[in-house]
Every structure is written in C-alpha cells, then in structure tokens.
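Colleague: Could you take one part of this model and walk me through it slowly, residue by residue where that helps? I'd like to know what surrounds it, and then how the strands further along the chain are put together.

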Amino acid sequence: MAVAVLCLMACSANTKKNVSEESDLKRAGLNLSNADSYIVHLKYRQKVEGYEVIVDFSPRTSITHGQCCTELYMGKAILHFANDSSSFNVECEEFSDSSLICYTNSDPEHTPRNNKSVDLGEIESGDTIVLDYLPPKAQEYFSWNSPFYFLDMDFDGRKELVVNNMGCGYYGGNTYDVFSLTESVPQKMTGYPFEQEGVKLNSDCEYNPQKKAIYLSVKNGMEIVPIAQQSLFDGDPKVSGSTEHIETIMKSIANSDARTLASLTIFPIARRYPLHNIVNSSDMIKRFNQIFDQKFRDRMKSSKASDWHSYGWRGYSYGKENSLWVYDSLTFINYYSPQEKALYDQLVKKEMASLHESLRGNGWHPYCCFKDIIDGSIVRIDIHVRKTMKNEIIHVSGDDKFRMSIYPKGNNLMGKPGLLLNGNVTIEGSANMMDYCFKSGGTKIEFGDSFFEDGKELLRISINDKEITHEIKPCYWLDLLHVD
C-alpha cells in the first residue's frame with residue numbers, strides 16, 4: 001500500500017465504526033473511486049457552524065507543513081456539510097487535516113497536539129475515522145492547522161467556506177481555497193485577492209478587518225512581496241477581446257433594456273438541458289425577465305467595473321461565481337434565476353416521467369438529446385446525479401456516471417430503447433473540454449468537444465474495432481413527444 005502509516009491525535013481519533021456512524025456515512029458519503037483505490041471517511045465529532053461534516057478522503061502522499069518538517073497526509077477529498085435545512089458538497093484536490101500526521105518535530109508552533117501512530121494496514125478502505133474538529137485560534141484569519149472554517153472573506157456580511165491546503169504554499173506554508181455559499185451550489189472564488197499571477201491566497205497574506213480588505217502577497221526568501229490587483233483592463237485585447245461593451249451590457253440588464261442586451265449578444269446562449277437555449281434576439285427579449293430576476297438586476301445596478309476579471313482567451317467574467325462571460329459581446333450566462341430553476345425542475349420531472357419505467361428514478365436526470373442525421377435515430381444521454389445535488393442545476397465532474405439510450409427511427413420513445421450503454425466523461429485542459437465514452441460488449445460510442453468536423457458534431461461508433469461516424473444535431477426530448 002502506497003500510504004504506510006497514519007498518525008492520529010491521541011485520545012481524539014477513533015478508527016472504529018459504530019452502527020449510527022456507518023449509517024450516516026451511507027447517507028452522506030460520496031464516491032471517490034475514480035480518484036484512488038484507497039479511501040477513508042473522516043467524521044468530525046463537533047458541528048462546524050451548525051453543520052455536521054463528513055469527508056471522503058483519498059490520501060495519496062505526504063507534504064511538509066512548515067519549515068520544521070512536520071509531514072501531513074494530503075489528497076483528493078469531498079467535504080459534505082449538512083444541517084437540518086440544507087446540505088452542500090465541496091470537492092478539493094489538496095485536502096489534509098492536522099490530525100493526520102506521518103512525521104512531526106518537537107516545535108510546539110507547528111505541532112497541533114500529541115499524536116500516536118496508527119498502521120493503515122489496520123484501517124481498510126471505506127473505514128471511518130472519527131476526529132475532533134480543530135477551529136482557528138482567535139483572530140487567526142489564515143489558520144495554520146484548522147482544515148476548514150467559515151469566515152467573511154469579501155466583507156459583505158456573509159461567511160464563506162475556507163479550505164486549508166496545508167503545506168501547499170511557499171516554504172511549507174499554506175494556501176487557501178475560498179467558496180462562496182450564496183448560490184445553491186458553492187462557487188470557488190477567483191481573481192484578486194484569491195488568486196492572481198499564479199499566486200493563491202496563502203498564509204503570508206494580510207486580512208485587515210478594519211479596512212475590509214485582503215492583501216495578496218507571497219514570501220520570496222525573507223521578503224514578503226505584495227501582488228498588485230489587476231484592473232478590468234489587464235487583459236490583452238488581442239487575446240481577451242474588447243471591454244468596450246461591458247458597461248452597456250451591465251446597464252441594459254440593470255434597466256431591463258432587453259433589446260440593447262440582445263444587440264450585444266452572440267447567439268445561441270446555452271442553457272442547461274432540458275431548458276431551451278436562447279437562440280436569437282427575439283428569444284432573448286421574450287425570456288429576459290425569466291433569466292434576469294429583479295435580484296440580479298438590482299445587483300447589476302450596484303456593480304462596478306472591478307467586479308469583472310480577464311481570463312485570457314476566454315474573455316472577461318463577472319463576479320465571483322462567473323455569472324456572465326463577455327468576449328467583445330455577451331457569450332455565456334452562468335446565472336439561473338429562481339424562476340428558471342423552477343422551470344428546470346418541472347421539465348426534468350416531465351421528461352423522466354415520459355421514459356419507460358425501467359429508466360425512471362434511481363438518481364437519473366436528463367442531460368442532453370440528439371437526432372442522428374444519418375439514420376434518424378434518437379440518442380438521449382442521462383446523468384446519474386448525487387442525492388445531494390438532485391434539486392440543483394447540474395455541475396459535471398469527472399466521476400459522474402452517464403447512460404446512453406438509442407431509439408431507432410420509428411421506435412416508440414416511451415418504450416424501451418433499442419440499445420442502452422453506460423459511460424463516463426473525461427474533462428481536460430483549461431477550457432474543460434468534455435468527451436463522453438459509452439460501452440456495451442463490443443460496441444463503443446463517443447462524442448463531445450473533440451468530435452467536431454467542419455462544424456458538424458459527430459458520434460464515433462466502434463463495433464468490433466470497425467469505426468464509422470454519424471453526424472448528430474441537438475434536439476429536445478419533450479419537443480419530440482410534443483409535450484408542452
């Protein structure tokens with residue numbers, strides 16, 4: 001086994017599961033099987049900001065925490081937070097807990113508590129480790145040892161979730177990922193002061209509650225070097241596009257000027273299936289109030305240019321949750337109003353209810369639908385959604401499961417499909433290129449961002465190592481059934 005020894009806190013860690021803890025885990029635990037073969041579950045005894053917290057943790061290596069060579073286990077994790085009224089998940093690439101020590105020194109500044117060794121050979125994959133939560137010290141805004149905590153990081157009166165990447169900074173210091181909790185799905189906060197010029201928020205930064213500001217900085221030897229905030233116009237117009245229309249786009253939304261916004265939009269604007277895309281100016285004008293509710297319009301009224309940041313060739317993005325994207329003109333809307341979310345839920349229920357009973361329920365949600373231009377068959381894709389995400393607009397990650405149902409031309413769409421395949425997605429590059437692969441026996445079918453030719457979207461079909469390609473066009477399942 002790659003990880004040989006885990007050192008847990010004396011008297012605070014318990015590696016034995018009891019019945020109630022195991023049943024809690026089955027309800028809340030998530031699947032990290034694609035991350036690593038060895039997974040343990042961390043359950044905190046104490047509630048944190050009213051949340052019960054369980055972590056699915058895949059320790060893959062040890063890292064040096066501080067210059068005195070304390071080593072902690074670190075790896076991929078999914079943090080699950082749940083209280084009586086809500087729950088949410090956060091995925092991390094570099095999670096650790098100061099309880100999980102594989103080597104430590106005697107320096108009390110960098111040793112959280114006494115510890116004892118536990119051989120991982122005695123802790124099987126899937127076992128639960130019960131830990132005491134270590135909160136930050138008073139006025140410790142960038143905590144050294146707390147694995148995660150809640151703090152108002154943008155001084156808007158609401159707390160964000162801060163996840164500590166222990167030992168991932170310069171000279172064994174920490175970096176921090178900050179997640180906004182204002183939307184239904186936590187959004188990682190980007191741009192200054194959370195990250196800029198390749199520098200992340202770290203333990204050498206300054207948190208100033210009096211000035212309501214965070215100052216991004218990094219250690220360079222013995223010197224702390226400040227990182228200047230980039231302005232809206234930090235991008236190269238040849239790469240990021242022009243900022244000329246950004247102010248007008250903001251004002252048109254704030255003032256409910258749908259016609260002006262439509263004139264500054266590149267269509268189609270994608271919406272999450274089974275919502276229809278916004279296909280032209282007339283469609284934008286018709287759906288404006290559904291897409292941009294009063295809350296978002298008021299937000300535009302109080303927004304300023306510094307709320308936008310350059311993302312290189314992807315253009316400019318608005319807000320910490322990247323609600324709007326502009327490359328010369330408006331190109332993408334990542335905001336979903338309560339009204340549009342309600343419509344999404346309604347369409348999902350209708351679509352799933354129309355399927356053959358063998359395909360309904362069990363966590364499956366509609367994801368996309370195509371018509372095969374070559375043979376007229378209908379190809380629908382469903383995604384298996386985690387229970388905690390079932391009422392949200394779906395965000396795809398690399399460990400999601402998919403299925404493909406193919407209905408030959410003339411087949412009853414409410415009956416069983418002619419072919420059913422299971423699949424997954426691979427996500428690559430800074431553009432999050434998504435390619436999907438489905439297999440059943442000797443049949444493999446692929447499509448996605450890499451499967452375009454001369455502007456045509458293709459299915460690549462391999463049957464017993466013989467390949468053919470079919471052009472496909474997006475469509476909507478309920479439209480095919482003529483269901484309002």
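Modeller: Happy to! Contact here means heavy atoms within 4.5 Å. Do keep in mind that this is a predicted model.

Let's start with helix H5, which spans residues 281-291. Its buried residues are Asp 283, Met 284, Arg 287, Phe 288, Gln 290 and Ile 291. An α-helix has 3.6 residues a turn, so residues three or four places apart point the same way. The cover over the buried residues of H5 includes four helices, H3 (246-254), H4 (258-263), H6 (294-302) and H7 (338-353), together with strand S22 (329-333). At the N-terminal end, H5 is capped by Asn 280, with a side-chain oxygen 3.3 Å from the backbone nitrogen of Ser 282.

Now for the strands, with S30 (residues 456-463) as our guide. Strand S28 (residues 443-448) pairs with S30 in the antiparallel sense over four bridges, and Lys 444 has Ser 462 as its bridge partner in S30. Strand S29 (residues 452-453) is also antiparallel to S30, over two bridges; here Phe 452 is partnered by Glu 457. Two residues separate S29 and S30 in their hairpin, where Asp 454 takes a positive phi near 55 degrees. S30 then pairs with strand S31 (residues 466-474), antiparallel over seven bridges, and Ile 463 finds its bridge partner in Lys 466 of S31. That hairpin has two residues between its strands too, and Asn 464 in the turn has a positive phi of about 50 degrees.

Conventions. Residues numbered from 1 in each chain as written. Predicted model: local features only at pLDDT ≥ 70, side-chain atom pairs only at ≥ 80, totals over all residues. Heavy atoms only, no water. Buried < 20%, exposed > 50% of the residue type's maximum accessible area, 1.4 Å probe, protein only. Polar contact = N/O pair within 3.5 Å; in protein donor to acceptor, adjacent residues only side chain to side chain. Pairing = 2+ DSSP bridges.
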